[in-house]
Protein chains: 2
Amino acid sequence: MIARREVILEALGQAHELEALQDSIVRLRDHFRVDHLVYHWVSSNGEQYGCGTYPDAWVQRYLDKDYLRVDPVIIGCFQRFHPVDWKRLDWSSKAARGFQADAIAHGIGNQGFSVPIRGPIGQFALFTASHHCSDEDWARFTASNRRDLILIAHEFNQKALELEPGRSQEQSRALSPREIDAMTLVAMGYSRAQIADTLSISEHTLRVYIESARSKLGALNTTHAVAKALSRGLIVV
Amino acid sequence: MIARREVILEALGQAHELEALQDSIVRLRDHFRVDHLVYHWVSSNGEQYGCGTYPDAWVQRYLDKDYLRVDPVIIGCFQRFHPVDWKRLDWSSKAARGFQADAIAHGIGNQGFSVPIRGPIGQFALFTASHHCSDEDWARFTASNRRDLILIAHEFNQKALELEPGRSQEQSRALSPREIDAMTLVAMGYSRAQIADTLSISEHTLRVYIESARSKLGALNTTHAVAKALSRGLIVV
DNA sequence: ATTACCCTCCCCTAAAATAGCGAGGGGGTG
DNA sequence: CACCCCCTCGCTATTTTAGGGGAGGGTAAT
């Protein structure tokens, strides 16, 4: 059994196309004997990418209804560190109940277990196993497969990023050391006079750094440059 | 062998104090037969928490020298998704070379493998295995233990968060909806006139929002407030 | 009903940001 | 060697923002 999972992961490792990912996820679903296995990427600007065994009708409905903003799985996992059973999420809101009913009507199953995955600049993805069974059976399943699901989530995310590198790149010209110093102190709230003093340079020179950083980052003003530098992980405050 | 790892993880699961974490990490190090195993938490405000087998002298030096800003492991993993071997990091800068020499002088070992872990609002932690051996031996080690290290990193992070919940909470007074609107647009680089226009309020009113947000965040100025709001995940750009 | 917070508007002055012009030395790379 | 980028500094000018007041009306909870 374990050997078979390894074989599938091996195939995943050798996948060179997105179709192969889809193939792997179907086989993993069959291996785990669950109704659905889904990988769901959510970009910070709201873009989505999905891959899994959900019926097309449900995927389309999810997109049409903009369920991303309602889905308690997304909302819950977005503010959580660790894998979570769907039962522990907050399904109390009216929108959530409607969503839940719609999901079950599309055959999604009453049980679920989702692993959140995060990237450097707010990237967010979910790997979810979903099934239709009793609470007891699901508890047994998650207890024995929790670690495997975490690992597969990682492998899957890595592969998905390799195959669609556009999402992970978005690289920007790096800032020079002095620019990083300057922007870091700016982000820390110090005035230009204080920063110039701290860096032992003239205030005018400081302005040159800030301006060149702003220009490199394609920012509209200093505050925007700080926001971009922070988002891109170029500075840490 | 595997059974023993399970036993240690089991003990980790039952740990109720930070000392038990320290104990677990030592035992895991012995199990993996590496020089060092380290869990390193970095808060968005620069606070650090460490736990592992590095010598005290090195930990102290790391803090004293503010190596956090130089350490290529931190910098590299901060902008990466996946576990990484230290050899694939950028050690070319002068500061990095000095850091590397200092680390080796403190017995840190020439090989390393670090697993980045991330939380909802920019929380960042590293789980690192470090050793002194040849490239070939290290490649063999990482190939066969990569998945275990990822899992342990997760378990460890979860446990560390449970035991010191203060770090995961760090709650700040939430911003009002209007303040979030204002700060989001400020972070996006628009001028106050544009923002006031967008929000259909007077520019003076807009200033009040920015000022109250700044006050709530305990920020020194608007840029600082944007940086804090971003770091705390109060706004998303 | 008192308190507290949110939203909206207006005034002020001083500081900062932006923009343009210029200059020179140092360090790598083609 | 030239070229480009990094670092450093100078000047002037205009526009924008910052941060401090005060003030009224709304809502929601205590």
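**Entry 1: DNA strand D**

I fixed the cut-off before anything else: a polar contact is a pair of N or O atoms within 3.5 Å. With that in hand I went to B:Glu211, where a polar side-chain atom lies 3.4 Å from a phosphate oxygen of DNA strand D. I keep in mind that this is a predicted model.

B:Arg214 also reaches strand D. One of its polar side-chain atoms is 3.1 Å from a phosphate oxygen of that strand. From chain A, I noted A:Lys216. An N or O atom of its side chain sits 3.1 Å from a phosphate oxygen of DNA strand D.

Next I listed the surroundings. I found 19 residues around DNA strand D. A:Ser176, A:Ser202, A:His204, A:Tyr209 and B:Thr222 come nearest. I then asked which part of the strand faces the protein. Sugar and phosphate make up 65% of the strand D atoms that come within 4 Å of the protein.

Which elements build this surface? Three supply at least two residues each: α7 (177-187) and α9 (203-217) of chain A, and α10 (203-217) of chain B. The largest share is that of α9(A), with five residues. By class I count five nonpolar, seven polar and seven charged residues near DNA strand D.

**Entry 2: DNA strand C**

I repeated the search for the other strand. DNA strand C has 18 residues around it. The closest are A:Arg192, A:Thr222, B:Ser176, B:Ser202 and B:Tyr209. Here sugar or phosphate accounts for 73% of the strand C atoms within 4 Å of the protein, and bases for the rest.

I looked for contacts to the bases and noted two arginines. A polar side-chain atom of A:Arg207 lies 3.2 Å from a base oxygen of DNA strand C. For B:Arg207, a side-chain N or O atom is 3.3 Å from a base nitrogen of DNA strand C. On the backbone side I noted A:Thr222, with a polar side-chain atom 2.4 Å from a phosphate oxygen of DNA strand C.

I sorted the surface by element. α9 of chain A, with α8 (177-187) and α10 of chain B, each give two or more residues to it. α10(B) holds the largest share, six residues. The class count near DNA strand C is four nonpolar, eight polar and six charged.

**Entry 3: Cavities**

Rolling a probe the size of a water molecule over the atoms shows where empty space is left. I searched the whole structure and got two cavities of 30 Å³ or more. The largest holds about 160 Å³ of space.

Which residues line the largest cavity? Both chains contribute. From chain A I have A:Phe81, A:Val115, A:Pro116, A:Ile117, A:Arg118 and A:His154. From chain B I have B:Phe81, B:Pro116, B:Ile117, B:Arg118 and B:His154.

β4 (111-118) of chain A and β4 (111-118) of chain B each supply at least two lining residues. β4(A) gives the largest share, four residues. The lining of the largest cavity divides into seven nonpolar, two polar and two charged residues.

**Entry 4: Salt bridges**

Side chains of opposite charge can pair when their charged atoms come close. Over all chains I find 24 salt bridges. I followed up several of them.

The first I opened was A:Arg61 with A:Asp102, at 2.3 Å from N to O. What does this pair tie together? A:Arg61 is in helix α3 (residues 56-64) of chain A and A:Asp102 in helix α5 (residues 94-105) of chain A, so the bridge joins parts 41 residues apart in sequence. I checked burial for both partners. A:Arg61 is partly exposed at 31% relative accessibility. A:Asp102 is buried at 11%.

Then I took A:Arg214 with A:Glu211, 2.7 Å from N to O. These two are three residues apart in helix α9 of chain A, so about one helical turn separates them. A:Arg214 is partly exposed at 22% relative accessibility. A:Glu211 is partly exposed too, at 39%.

In chain B I noted B:Arg29 with B:Asp30, 3.4 Å from N to O. B:Asp30 is partly exposed at 42% relative accessibility.

Last, I logged a network of salt bridges. It links A:Asp85, A:Lys87 and A:Asp135.

How values were computed: Residues are numbered from 1 along each chain as its sequence is written. Chains are lettered from A and ligands numbered from 1 in the order in which they are written. This is a predicted model: local features need pLDDT of at least 70, side-chain atom pairs count only at pLDDT 80 or more; totals for chains, interfaces and linings use all residues. Side-chain values use heavy atoms; hydrogens and water are left out. A residue is near a molecule or strand if one of its heavy atoms lies within 4 Å of it. A polar contact is a pair of N or O atoms within 3.5 Å; within protein, one must be able to donate a hydrogen and the other to accept it, and residues adjacent in sequence count only if both atoms are side-chain atoms. Ala, Val, Leu, Ile, Met, Phe, Trp, Tyr, Cys and Pro count as nonpolar, Asp, Glu, Lys and Arg as charged, and the others, Gly among them, as polar. On a 1 Å grid over the protein atoms alone, a cavity is a set of points where a 1.4 Å probe fits but cannot get out, and a pocket is an open set with protein on both sides within 12 Å along at least five of seven lines; lining residues have an atom within 4 Å of a point. Grid points are joined across faces, edges and corners, and a volume is the space filled by probe spheres set on the points. A salt bridge is a side-chain nitrogen of Lys or Arg within 4 Å of a carboxyl oxygen of Asp or Glu. Buried means under 20% relative accessible area, exposed over 50%, partly exposed in between (1.4 Å probe, protein chains only).
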